[in-house]
Amino acid sequence: MHRRDALELHDLFLGRAIGAVFGTMLGGWLCDVCPIKVAMSCCIGSSALSVLSVPFAAATGNAWILSANFFLLGCVGSALVSFTVSAACWSFPGKEVGPVLATCNGAFGMTSAALPLIFKLLHWQGKAVVEYSFVAACSLPPLAFLLASQAPTRPVEKSLEEIESEGDQDAALHRVRIQQWVAVIAAAVAQFLFSGANSALLSWIVLYSADELEDRSVAPFLVSLLQSSLMLGSFGASRYQRYFALWNLARFQVFAVLSGLLLWLPFTKSIFATVCALAWYGLAGGPLVTYCSTLLNQHCSPSGLQLAVINVGGNFGASAGPFIVGILMIKSGPSALPLTVSYAFLAALLGFGVASIERRPKGEPLLGAGGQ
């Protein structure tokens with residue numbers, strides 16, 4: 001019975017993960033083919049209904065119905081992420097979108113941390129219908145704001161003037177598109193590494209506390225600490241990143257996170273060292289997940305589909321990170337957790353180095369050296 005329940009729980013998260021990937025790509029495609037305001041309004045309504053239906057689907061006792069509900073939940077939720085990122089990048093050119101995306105990322109973390117506390121303070125904890133109804137009702141203010149706002153449109157490609165001055169316009173356009181998609185794939189891989197590292201730390205911190213720190217009671221504190229530092233790091237980035245060339249800032253923060261993790265490795269059995277490492281990781285590494293889309297926005301005027309590919313990289317990382325680290329921890333022990341996250345940031349740092357060497361025809365860095 002216990003094993004069957006565990007497998008059914010696995011199916012729920014698997015359904016949500018598949019729905020997230022599908023919804024991310026669907027949202028990006030809809031951004032390009034239909035009015036984003038209409039699509040986003042429908043998606044917000046669908047999200048509220050899918051959230052509201054979760055306790056009723058659970059009451060049926062049918063795991064397939066609940067899995068389908070979680071698939072829909074992941075689909076519309078991730079589609080909303082695609083809409084939000086596309087709308088932000090189209091409304092704020094170049095590096096101007098960076099503070100906006102960082103604020104959105106911090107607000108998401110703050111909401112995730114605040115809702116359980118609100119439910120507990122209002123004595124709603126455990127009352128599924130009330131909790132899910134409240135979450136569904138939270139969609140009304142953003143829906144009203146969206147309906148009252150002006151819909152963004154994708155800007156004209158920044159490279160069109162260059163293309164028109166070329167003798168062979170078709171060849172120039174083909175070259176520009178290839179460069180854009182190379183940048184998109186590189187950003188998606190970076191997003192995979194950063195999101196995977198975040199999810200691995202959050203998902204496996206309980207086992208890490210029990211086996212490496214030998215104190216399971218500190219796990220909730222460490223999870224809250226990491227979530228809080230990720231949120232504060234994103235809010236901080238919304239203030240300071242506007243004063244720096246983002247390409248240089250991103251490389252510095254990846255190096256800073258990697259250095260902190262390497263300093264942590266000899267002291268992984270120390271609770272104090274773990275607290276310092278996780279706080280440092282969140283403050284320095286939390287904003288990195290939004291840098292990928294911002295860097296692409298500095299390089300070109302990305303389509304909804306291109307931005308969705310980057311978000312899909314994050315979706316895969318969030319799902320694969322805990323799975324990969326979990327297997328390694330089973331085979332090599334809890335020390336595999338900081339080691340794997342360190343390797344992820346080392347790979348990202350090497351990737352940034354390779355991208356800095358690659359040059360566009362006019363000698364500019366592939367993803368842009370500074371804000372435009």
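Where is Glu214 found? Select Glu214 and you land in the loop between α9 and α10, the latter spanning residues 219-240. Before you go further, keep in mind that this is a predicted model.

**Stop 1: the loop residue**

With Glu214 still selected, look at its backbone. Phi of Glu214 is near 55°, a positive value in a residue that is not glycine. Next, colour by accessibility: Glu214 has a relative accessible area of 65%, and because exposed means over 50%, Glu214 counts as exposed.

**Stop 2: a nonpolar patch**

Now switch to a surface view and select Trp29, Val33, Trp181, Ile185, Val189 and Leu305. Together these residues form a nonpolar patch on the surface, with about 550 Å² of accessible area. Which elements give two or more residues to the nonpolar patch? They are α1, residues 2-33, and α9, residues 169-211. The largest share, three residues, comes from α9.

Zoom in on Val33, whose place is in helix α1. Val33 has a relative accessible area of 48%, which lies between the 20% and 50% limits, so Val33 is partly exposed.

Then click Leu305, another member of the patch. Leu305 lies in helix α14, which covers residues 304-332. Its relative accessible area is 31%, so Leu305 also falls in the partly exposed class. Draw a distance from Leu305 to Ser82: the two are 223 residues apart in sequence, yet 8.6 Å apart in space, C-alpha to C-alpha.

**Stop 3: along α9**

Stay with helix α9 and pick Phe192, which is found there. Is Phe192 buried or partly exposed? At 31% relative accessibility, Phe192 counts as partly exposed. For a second long-range pair, add Ser319 to the selection: Phe192 and Ser319 are 127 residues apart in sequence and 9.5 Å apart in space, C-alpha to C-alpha.

**Stop 4: α2 against α4**

Go back to a cartoon view and show residues 36-52, helix α2, with residues 63-91, helix α4. Two packed helices are described by the angle between their axes and the distance between the axes. Here α2 and α4 pack at an angle of about 150°, with their axes 9 Å apart. Since angles over 145 degrees count as roughly antiparallel, α2 is roughly antiparallel to α4. Rotate the pair to view the crossing of α2 and α4, which is left-handed.

**Stop 5: α11 against α13**

Now show residues 246-264, helix α11, and residues 288-299, helix α13. At what angle do α11 and α13 pack? The angle is about 155°, and the axes are 10 Å apart. Helices α11 and α13 are therefore roughly antiparallel to each other. The crossing of α11 and α13 is left-handed.

Within α11, select Val257. Val257 has 1% relative accessibility, so Val257 counts as buried. Add Ala277 and draw the distance: the C-alpha atoms of Val257 and Ala277 are separated by 8.9 Å, with their positions 20 residues apart along the chain.

**Stop 6: a buried alanine**

Finish with Ala102, whose place is in helix α5, residues 97-121. Is Ala102 buried or exposed? Its relative accessible area is 1%, and because buried means under 20%, Ala102 is buried. You may need to hide the surface to find it. For the last distance, connect Ala102 to Gly286: the C-alpha atoms of Ala102 and Gly286 are 9.2 Å apart in space, while the residues are 184 apart in sequence.

Terms used
Residues are numbered from 1 along each chain as its sequence is written. This is a predicted model: local features need pLDDT of at least 70, side-chain atom pairs count only at pLDDT 80 or more; totals for chains, interfaces and linings use all residues. Side-chain values use heavy atoms; hydrogens and water are left out. Patches are made of residues with over 30% relative accessible area and no salt bridge: like charges are joined within 9 Å, nonpolar side chains (Val, Leu, Ile, Met, Phe, Trp, Tyr) within 5 Å. Accessible areas come from the Shrake-Rupley method with a 1.4 Å probe; for residues, only the protein chains shown count as cover. A salt bridge is a side-chain nitrogen of Lys or Arg within 4 Å of a carboxyl oxygen of Asp or Glu. Helices (H or I, at least four residues) and strands (E, at least two) are DSSP runs, numbered from the N terminus. Buried means under 20% relative accessible area, exposed over 50%, partly exposed in between (1.4 Å probe, protein chains only). Axes are lines fitted to C-alpha atoms, for helices over the stretch in contact, and angles run from 0 to 180 degrees between N-to-C directions. Angles under 35 degrees count as roughly parallel, over 145 as roughly antiparallel, 65 to 115 as roughly perpendicular and the rest as oblique. A crossing is left-handed if the near helix is turned anticlockwise from the far one by less than a right angle, and right-handed if clockwise.
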